[in-house]
Amino acid sequence: MPKISRLSGCRDWIDLDFVERERTPEPAMALGIKSHVAGLSLSDTVELLEDLGVQRSRKAIHDWVQKADLQPESGKSPNQIALDETVIRINDQQFWLYAAADPQSNELLHVRLFATTTTTLTEIFLHELRQKHDVETAVFLVDGAQHLQTALSRAGFRFQMRRHGNRNAVERIFREFKRRTSSFSNCFSHVDPETAENWLQTFARWHNAPN
């Protein structure tokens, strides 16, 4: 079984309010969610729980992640926001992952998955970001993508073109996203985009969580 970091420590970021008649002990459920998002495949997470005397299927663990419906916490007030997008493949189809990150804390502020990339979709993403966080005075760091700049201008946000430095915060996170989504085949195979987006948002919550 691969060595996975950050399996110990705080699990307060995992909200188990969705649990009703689940017979699995909550600590085991939290460990299963965190282990899978941190890097274990569903099969390896099943083995981990079996070692602890808890027998659950891959589908059960998958369902825990989906039902928990985790995403980055709201209410942040960043001075800068690194904004970018990257391609994510689901069932051999191309989707676009939008992400906004605070380069000072390296926290993800908001992530969304879209079937394409346009100025209108970027405006939707920015509207959602604005609803979740205090971003009115923040400076957005973007690359040369014209639709990002156009959407920011229409929304009244300040932005700077930055190919290096603090904007690299989101690039580093994207690399980790892609490493995780390609590290085992059962993550984004045979799932719908909504399920994939839910997993990506859960990953973002884990990424932001304290050790």
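Start by selecting alanine 82 and leucine 141: in this predicted model, leucine 141 of β4 is the bridge partner of alanine 82. Now step one residue back on each side, and you'll find isoleucine 81 with its own bridge partner in β4, phenylalanine 140. Color both strands in full, β1 (residues 80–90) and β4 (residues 139–142): they run parallel and are joined by 3 bridges.

**Stop 1: the other neighbour of β1**

Keep β1 selected and add β2 (93–102). These two strands run antiparallel, with 9 bridges between them. For one example, click on aspartate 84, which stands opposite alanine 99 in β2. Then follow the chain around the hairpin of β1 and β2, where 2 residues sit between the strands. Asparagine 91 in this hairpin takes a positive phi near 50°.

How many of the 11 residues of β1 are buried? The count is 9, so β1 is largely enclosed by the rest of the structure.

**Stop 2: the whole sheet**

Time to color every strand. You should see an open sheet of 5 strands in the order β3-β2-β1-β4-β5, with mixed pairing. Which strands stand at the edges? They are β3 (107–114) and β5 (158–161); each has a single partner strand, so one side of each is left without a neighbour in the sheet. Rotate the view and look at how the strands twist: neighbours in this sheet are turned by 30° against each other on average, ignoring direction.

**Stop 3: a helix on the sheet**

Next, select helix α4 (residues 119–132), which packs on the sheet and touches β1, β2, β3 and β4. Its direction makes about 145° with that of β3. Try the distance tool on the end C-alpha atoms of α4: they are 20 Å apart, which agrees with the 20 Å that 14 residues should span at 1.5 Å a residue.

Now show the side chains of the buried residues in α4: Thr119, Leu121, Thr122, Phe125, Leu126, Leu129 and Lys132. Look down the axis of α4, and these buried residues fall within an arc of 160°, so they line one face of the helix. Here is some background for that view: an α-helix has 3.6 residues a turn, so residues three or four places apart point the same way. What covers the buried residues of α4? The cover includes β1, β2, β3, β4 and α5 (146–155).

**Stop 4: a second helix and its arginine**

Helix α7 (residues 193–208) also packs on the sheet, touching β1, β2 and β3. The direction of α7 makes about 175° with that of β3.

Within α7, pick arginine 205. Is arginine 205 buried or exposed? It counts as buried, because its relative accessibility is 16% and the cut-off for buried is under 20%. Leaving aside neighbours within four places in sequence, its contacts are Trp13, Leu70, Gln71, Pro72 and Glu73, so add those to your selection.

**Stop 5: helix α1 and what follows**

Jump back along the chain to helix α1 (residues 26–38). This one is mostly covered, with 10 of its 13 residues buried. Among them are Met29, Ile33, His36 and Val37. The length check works here too: 13 residues at 1.5 Å each should span 18 Å, and the end C-alpha atoms of α1 are 18 Å apart, which agrees. Just after α1, click on glycine 39, which takes a positive phi of about 150°.

Continue to helix α2 (residues 42–51) and select glutamate 47. Glutamate 47 is partly exposed, with a relative accessible area of 41%. Draw a line from its C-alpha atom to that of serine 57, 10 residues apart along the chain, and you get 9.7 Å.

**Stop 6: an unusual loop residue**

Zoom in on the loop between β2 and β3 to find asparagine 106. Most residues other than glycine have a negative phi. Asparagine 106 has a positive phi of about 65° although it is not a glycine. At 29% relative accessibility, asparagine 106 counts as partly exposed.

**Last stop: zoom out**

Show the whole protein, with its 7 helices and 5 strands. Read along the sequence, they follow the pattern α-α-α-β-β-β-α-β-α-β-α-α. Of the 211 residues, 53% are buried. Switch on the surface, and you're looking at about 10400 Å² of exposed area, with carbon and sulfur atoms supplying 44% of it.

Definitions and conventions
Residues are numbered from 1 along each chain as its sequence is written. This is a predicted model: local features need pLDDT of at least 70, side-chain atom pairs count only at pLDDT 80 or more; totals for chains, interfaces and linings use all residues. Side-chain values use heavy atoms; hydrogens and water are left out. Helices (H or I, at least four residues) and strands (E, at least two) are DSSP runs, numbered from the N terminus. Buried means under 20% relative accessible area, exposed over 50%, partly exposed in between (1.4 Å probe, protein chains only). Two strands pair if DSSP finds at least two bridges between them. Axes are lines fitted to C-alpha atoms, for helices over the stretch in contact, and angles run from 0 to 180 degrees between N-to-C directions. Contact means heavy atoms within 4.5 Å. The expected span of a helix is 1.5 Å times one less than its number of residues. The arc is that of the directions from the helix axis to the C-beta atoms. Accessible areas come from the Shrake-Rupley method with a 1.4 Å probe; for residues, only the protein chains shown count as cover.
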